[in-house]
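Subject: Structure handover and findings

Hello,

Here is the structure we discussed, with the sequence alongside. My notes on what turned up follow below it.

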Amino acid sequence: MARIPPQTRQEILDKTDYLSIYQEHVRLQRKGASYWGLCPFHSEKTPSFSVSADTGLFYCFGCHKGGSVIQFLMDIDKLSYTEAMEELAQRAGVTVHFEESEKAGEAERERQALLELYDRLSRTFHWFLMQHPSGHRALEILQKRGIPDDLIERFSLGYAPASRSWLFSFLKAKGYSDNFLKRSGLFSRNDVAWPLFADRIMFPISDAKGRIIAFGGRAMDQDGPKYINSPETALFRKQDTLFAFAQALESIKKTDEAIVCEGYMDVLSFHAAGLTNAVAPLGTAFTSHQAMALRRKASKVVLCFDTDEAGLRAAERACSIATAVGLETSVLLLEGGKDASEILERQGAGELTRMAKNTINSGLFLLTRASQLFDISTMEGKAKAVAFLFPFLDAMDSDVRRQEYMKEIARTLGVSAHAVEMDYAKAKASGSYRQRDSANPSVPMGGSGSARTADLVFIAAVILSNNPFLPSVLQLDSEDIEDARAKDLIAALKEAEKEGIRDIEGILSFCPDDAAVRFVHEIDASGELSEGLEKIIEDGLARKRKKALEKERSRLVASLQAKCADEDRMQEKSILEKIMRIDEELKKTGGDLDE
């Protein structure tokens, strides 16, 4: 796979007049260490889009979009990474010579092999469903649920045979190696011959281009989990993927709206009823990555989850996620607590189509939920209900909408709009409110979503600086870092160093934690570190050195106590000397000398 060499990338960035590129799309004014303007990615009246004069990174404090001038071009002009780099190279007068990376080439060959395998297997599963006697029962189940044959064909639905030995034998006969099959996502991690999918209705999962990248399997009996999804592979990341996105894409663009429902059968039921803009997450909560994928194709989304408590909580969270990326969000609560599949099976496509029109906007849905969850006849209940709505208020990108929604909250709960506004402002300033049932309840909502720690600020400072301390930082072990997001950042720093990549956005591209990346963008845009980067890094390294010394001292003291019992005087003396040297160094750092 061809790539742009790191040195060429750096030459392009060094010769790029990044400010002129931003100013082609945004009217910027200098204020302090940054340039400010109205964000081109969302509607606003007060400038919240900033460009750092020092690093050239952009960040919007309203919609939290940020990155380098490369990312800006990719987002604003809908370019691929290579296209954006070629555009910058042309402007800078740099000739781009691509190189073949051995590592990248191997990864691309693995991707192509997986795509070929999944395509072949999808057609085989489909044949079992439609042609082989073993698939008759699975086909009857689908037809009974109201899924017509043309939809079965369109989604390439299939059946995985019940035999646990079939799949491994079949693929080995096709020439696939054990090592490759271990990485294929089709077999148990503990036993390469044990298939994940057996005696299940199979749902191929495709990417936006319609290429099959994973599978979902539904059990026909209640023996074991009802649904199993492929694990993540070189092709497949659950948080980025929506089931039926490729099949729904044309309809989503045509209607400017997507329906997000809970599972495979609900999606197929909506499609069977003619609502072909339906998609679903893959066994996980709706994510910001999935929301952004929809936002690029439509401006509206309808959330249709189960009406049990788990489904309602999922809808609460999804309302804030969809609103935060700029989607106009509404909620569909199907009558009688039924799901789309049950309605299609028992009442037909017409009834499902009729019910699908009865949506309510997300603000009203959440207000109703707040009234149900808390006793709003009491002062304490009103306060809890208001706090429950803070994540949704925070997700709004318009101050006008936020103010109007605060008035609606006040009217519904019988409190003053000023009181709602004051409580929200206090909670936002302290970072004390959190999304209900969050996957990580220890992380405050709002802004970058990242609570500040000394480790996080320290590693962010390293990434934002061009300093002589980098070799010392790269020697740090991940155990030396306590904050999980800082661990991801330092891992990205080390990976980028191996690849010879030194620019900030290049380093951040190796970090899997979006919250950590946003934190770096946000703290850079704030200008908070512009005057004290070296001091922060020096203090951080000193803090890590002190901790390492204290850890080594504790180990030596424990070893000394053990040696006393052995009466090994020479070793005892050696350990005592080491402890004394550590004590001297700790005195210089202000370290503790507790026994």
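Val 260 stands opposite Leu 303 in strand E14. That contact belongs to the pairing of strand E12 (residues 257–261) with E14, a parallel arrangement joined by five bridges. Please keep in mind throughout that this is a predicted model. E14 also pairs with strand E15 (residues 328–332), again in parallel, through four bridges. In that second pairing, Lys 300 has Glu 328 of E15 as its bridge partner. E14 itself covers residues 300–304, and four of its five residues are buried, so the strand is largely enclosed by the rest of the structure.

The cavity search gave one cavity of 30 Å³ or more. The space in the largest cavity comes to about 50 Å³. Which residues line the largest cavity? The lining consists of Glu 262, Asp 266, Cys 304, Phe 305, Asp 306, Leu 334, Lys 338, Asp 339 and Ala 340. By class, the lining divides into four nonpolar residues, five charged residues and no polar ones. As a general point on such searches, rolling a probe the size of a water molecule over the atoms shows where empty space is left.

Next, the antiparallel sheet. Five strands make up an open sheet in the order E2-E3-E4-E5-E6, with antiparallel pairing. E2 and strand E6 (66–67) are the edge strands, each of them pairing on one side only. Strand E2 (residues 29–31) is joined to strand E3 (residues 34–37) by three bridges, and the two run antiparallel. Across this pairing, Gln 29 stands opposite Trp 36 in E3, and Arg 30 stands opposite Tyr 35 in E3. E2 and E3 form a hairpin with two residues between them. Gly 32 sits in the turn and has a positive phi of about 65°. On to the following pairing: E3 and strand E4 (residues 49–52) are antiparallel and share four bridges. Here the bridge partner of Trp 36 in E4 is Ser 50, while in E2 the residue opposite Trp 36 is Gln 29.

Now the aromatic residues. A pair of aromatic rings is described by the distance of the centres and the angle of the planes. The structure holds 27 aromatic pairs. One of them is Tyr 59 with Phe 61, an edge-to-face pair at 5.0 Å centre to centre and 85° between the planes. Are these two residues buried or exposed, or something in between? Tyr 59 has 0% relative accessibility and therefore counts as buried. Phe 61, with a relative accessible area of 31%, is partly exposed.

Another edge-to-face pair is formed by Phe 203 and Phe 243, at 6.3 Å centre to centre with 85° between the planes. Phe 203 lies in strand E9 (residues 200–206), and Phe 243 is in the loop between strand E11 (227–229) and helix H10 (245–255), so the pair ties together parts that are 40 residues apart in sequence. Both Phe 203 and Phe 243 are buried.

There is also a cluster linked by ring pairs, made up of Tyr 118, Phe 125, Trp 127, Phe 128, Trp 166, Phe 170 and Phe 215. Phe 170 from this cluster appears again among the buried residues of helix H8 (residues 166–173), which are Leu 167, Phe 168, Phe 170 and Leu 171. Why do these residues line one face of the helix? Seen down the axis of H8, the buried residues fall within an arc of 165°, so they line one face. After H8 comes Gly 175, whose phi is positive, near 100°.

One last item is Phe 72, which is found in helix H3 (residues 69–77). Phe 72 is buried, with a relative accessible area of 0%. Its C-alpha atom is separated by 7.8 Å from that of Phe 58, and the two residues are 14 apart along the chain.

Regards

Note on methods
Residues are numbered from 1 along each chain as its sequence is written. This is a predicted model: local features need pLDDT of at least 70, side-chain atom pairs count only at pLDDT 80 or more; totals for chains, interfaces and linings use all residues. Side-chain values use heavy atoms; hydrogens and water are left out. Buried means under 20% relative accessible area, exposed over 50%, partly exposed in between (1.4 Å probe, protein chains only). The arc is that of the directions from the helix axis to the C-beta atoms. Two strands pair if DSSP finds at least two bridges between them. On a 1 Å grid over the protein atoms alone, a cavity is a set of points where a 1.4 Å probe fits but cannot get out, and a pocket is an open set with protein on both sides within 12 Å along at least five of seven lines; lining residues have an atom within 4 Å of a point. Grid points are joined across faces, edges and corners, and a volume is the space filled by probe spheres set on the points. Ala, Val, Leu, Ile, Met, Phe, Trp, Tyr, Cys and Pro count as nonpolar, Asp, Glu, Lys and Arg as charged, and the others, Gly among them, as polar. Rings of Phe, Tyr and Trp (its six-membered ring) pair if their centres lie within 6.5 Å; planes under 30 degrees apart count as stacked, over 60 as edge-to-face and the rest as tilted.
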